[in-house]
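Work through the exercises below with the sequence and the model side by side, and try each task before reading its solution.

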Amino acid sequence: MKKSSLLLALTCIASPLLSQADEQIEYLVLPAVLHHSGVGTLYGAAANIKNIGESDYSAYVGIADGDASAVGFGVSDISLWNGQFSYVYAQARDVTIDTQYQRGDDGNIYEQDLSGSIHRFALTHDLPFESTKSTIALSRSSVSIDGYADDNGTEILINQSGFHDINTTSLMADITWDNRVGPIGLAQGTKVSASLRFDLGRTAQSDQGVFGYKLSHHISFTESALASFYFNGSHAFVISKDEKFDTEAEVRAELNASCNLLSSPSQTTSCLQLEQDLTSYIVASNNKGTAKAVGGSQGLRSYQESFFRGSNSLVEGVELQWQLPDTMQIGSSTKLQWLMFAETAQIADKLNELSDRTYYSVGTGIRAYAGDIPVRAEFAHGASGNTVLLTTGLVF
C-alpha cells in the first residue's frame with residue numbers, strides 16, 4: 001500500500017500565503033500535499049481570489065501531480081436569478097486506486113487505473129426560513145477504466161473491450177439548515193442537510209436515485225475547545241432498471257473477459273476472480289442501486305477511500321477539537337487545531353441488515369484553517385490497520 005508521513009502535512013499547514021491587494025480583493029495561495037489511503041499522494045498548489053468585480057464573485061484553480069495528475073478550476077458566488085451560481089471543472093489522469101467489489105463487506109483488493117473528468121453547475125438560494133439554504137446542481141462526469149492489477153501490483157490480463165466508460169448525468173437538490181455561530185473551526189450549534197440525487201444515462205447500468213442526509217451538533221466546552229457529534233446516511237433505489245444487464249449471464253457476456261484464452265494458470269485464476277467480482281457487483285448495483293461509499297476522508301478514516309459499497313450506508317462519529325495556543329500558531333492567517341475522533345459505520349444492501357456488522361476508526365490529527373478552508377493531516381486506526389490522510393474538507 002502507498003505510504004506517506006505526517007511531515008507531508010506540514011507542507012499544507014505551514015506554507016499558506018494570505019494577502020490582500022486592496023480592501024476588497026483577497027488572494028489565497030496554498031501549496032498542497034494530499035494523501036488518501038488506497039489512492040496515493042498528490043503534490044500541487046491551489047489559488048483562490050475572492051471579491052472579484054462589482055458582484056464580488058470568487059475564482060479558484062488547482063493543479064497536482066504525483067501518483068496521479070489532476071487539474072481543476074471554478075467560479076462561485078456569481079449573482080444569478082436571485083441566487084448564487086457556481087461552476088467547477090476537474091480532470092484527472094493516471095489515477096490508481098485500491099478498490100474492492102464485495103457489497104457491504106471486505107473483498108478481494110484490486111489496483112484500478114482510472115482517468116476521468118467532471119463538470120458541475122450549481123445554484124444556491126437563501127430561503128425565507130432563517131439559516132436555511134437550498135441548492136440545485138447538475139453535473140456530468142466521465143470515468144474510463146484503464147486497467148487492473150492485484151494487491152501486489154501484478155497486472156491482471158483481462159479483455160477490456162466490454163468495459164464501458166461510465167458517463168453519468170446527475171441531478172441533485174439539497175436543503176441545509178445551519179445555525180452555528182462562532183469563530184471558524186469553533187462555531188457551535190447544529191447543521192442539518194438532506195439531499196436527493198438522480199444518476200442517469202450510465203451505459204449498461206440502471207438509473208438510480210440516492211437520498212442522503214447529514215446531522216451534526218457542535219458544543220463548545222471552553223473558548224478554545226469544541227465537541228462535534230455527527231450522523232450521515234445514504235440510501236439508493238433503482239428508478240429504471242436496465243433489463244439487459246440484471247443477470248450474471250448477461251453481464252458476463254457483455255464483459256467478454258476472455259480469461260480462458262490466457263496461457264498462464266495464475267493469470268487465468270486472477271482474471272476469473274476479477275470477472276466474478278465485477279459481475280456480482282454490477283448485477284447487485286443494477287438491481288438494488290449503490291449509495292454513497294464508506295471509507296476514507298469522508299467517513300471511516302482508517303479504511304481506504306470509498307472502500308465499502310452497498311445500497312444503504314451510515315456513518316456516526318464524535319470529534320474533539322482544541323485550538324492551539326497563539327505561541328504554537330503559524331502566522332496570523334492560519335488557525336491550527338489538534339483533534340481526536342472516533343467513528344463507526346454500517347453498510348448493507350438491505351436496511352434490516354445494517355446492524356449486522358459495524359466497522360470502526362479512531363484517530364488523531366492536526367487541522368489548519370487557511371482562511372475558511374480546512375486542511376487536515378490525520379492518523380487513523382481500525383480493524384484494517386493504520387492510515388494517514390492529508391486532505392481538505394470535513395466529514396460533517
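Rings of Phe, Tyr and Trp, the last taken by its six-membered ring, count as a pair if their centres lie within 6.5 Å. The model used throughout is a predicted one.

**Exercise 1. Aromatic rings**

Find how many aromatic pairs a search of the whole structure gives, and which residues form one aromatic cluster.

Solution. The search of the whole structure finds 18 aromatic pairs. One aromatic cluster is formed by Phe73, Phe85, Tyr87, Tyr89 and Phe121.

**Exercise 2. A pair described by distance and angle**

Classify the pair formed by the rings of Phe221 and Trp322 as stacked, tilted or edge-to-face, and say in which strands the two residues lie.

Solution. A pair of aromatic rings is described by the distance of the centres and the angle of the planes. For Phe221 and Trp322, the ring centres are 6.5 Å apart and the planes stand at 80 degrees. Planes over 60 degrees apart count as edge-to-face, so the pair of Phe221 and Trp322 is edge-to-face.

The next step is to place the pair in the chain: Phe221 belongs to strand β11 (residues 207–222) and Trp322 to strand β13 (residues 312–323), so that the pair links distant parts of the chain, 101 residues apart. As for accessibility, the range between 20% and 50% counts as partly exposed; Phe221, with a relative accessible area of 44%, is partly exposed, and Trp322, at 25%, is partly exposed as well.

Now apply the steps to Phe307 and Phe308, whose ring centres are 4.9 Å apart and whose planes stand at 85 degrees, so this pair is edge-to-face. Buried means under 20% relative accessible area, and Phe307 is buried at 5%, while Phe308 is buried at 0%.

**Exercise 3. Arginines over rings**

Which rings do Arg301 and Arg309 lie over, and at what distance from the ring centre?

Solution. Arg301 lies over the face of Phe341, at 3.7 Å from the ring centre. In the second case, the charged end of Arg309 sits over the ring of Tyr281, and the distance to the centre of that ring is 5.6 Å.

**Exercise 4. Helix α3 and its surroundings**

Check whether the span of helix α3 agrees with its number of residues, and then describe how helix α2 crosses α3.

Solution. Helix α3 (residues 265–288) has 24 residues, which at 1.5 Å a residue should span 34 Å; the C-alpha atoms at its ends are 34 Å apart, and the two values agree. Just after α3 comes Gly289, which takes a positive phi of about 85 degrees.

For the crossing, the axes of helix α2 (residues 248–255) and α3 come within 9 Å, at an angle of roughly 125 degrees. That angle makes α2 oblique to α3, and the crossing of the two helices is right-handed.

Two residues of α3 complete the picture. Cys271 is found in this helix and, at 0% relative accessibility, counts as buried; its C-alpha atom is separated by 8.9 Å from that of Asn260, 11 residues away along the chain. Gln276 is also found in α3 but is partly exposed, with a relative accessible area of 26%; its C-alpha atom is separated by 8.9 Å from that of Glu248, 28 residues away along the chain.

**Exercise 5. Positive phi outside glycine**

Where do Asp77 and Asn256 lie, and is each of them buried or exposed, or in between?

Solution. Asp77 has a positive phi of about 60 degrees although it is not a glycine. Asp77 lies in strand β5 (residues 69–80) and is partly exposed, with a relative accessible area of 34%. Asn256, which is likewise not a glycine, has a positive phi near 50 degrees; Asn256 lies in the loop between α2 and α3 and, at 39% relative accessibility, counts as partly exposed.

**Exercise 6. Apart in sequence and in space**

How far apart in space are Ser355 and Asn232, and Arg93 and Ser144, C-alpha to C-alpha?

Solution. Begin with Ser355, which has its place in the loop between β14 (334–348) and β15 (359–370) and is exposed, with a relative accessible area of 63%. Ser355 and Asn232 are 123 residues apart in sequence and 15 Å apart in space. Arg93 lies in strand β6 (residues 83–99) and is partly exposed at 45%; from Arg93 to Ser144 there are 51 residues in sequence and 9.6 Å in space.

Definitions and conventions:
Residues numbered from 1 in each chain as written. Predicted model: local features only at pLDDT ≥ 70, side-chain atom pairs only at ≥ 80, totals over all residues. Heavy atoms only, no water. Phe/Tyr/Trp six-rings, centres within 6.5 Å; stacked < 30°, edge-to-face > 60°. Helix = DSSP H or I, 4+ residues; strand = E, 2+ residues; numbered from the N terminus. Buried < 20%, exposed > 50% of the residue type's maximum accessible area, 1.4 Å probe, protein only. Lys NZ or Arg CZ within 6 Å of the ring centre and 35° of its normal. Expected span 1.5 Å × (residues − 1). Axes fitted to C-alpha atoms, helices over the stretch in contact; angles between N-to-C directions. Parallel < 35°, antiparallel > 145°, perpendicular 65-115°, else oblique. Left-handed = near helix turned anticlockwise from the far one by under 90°.
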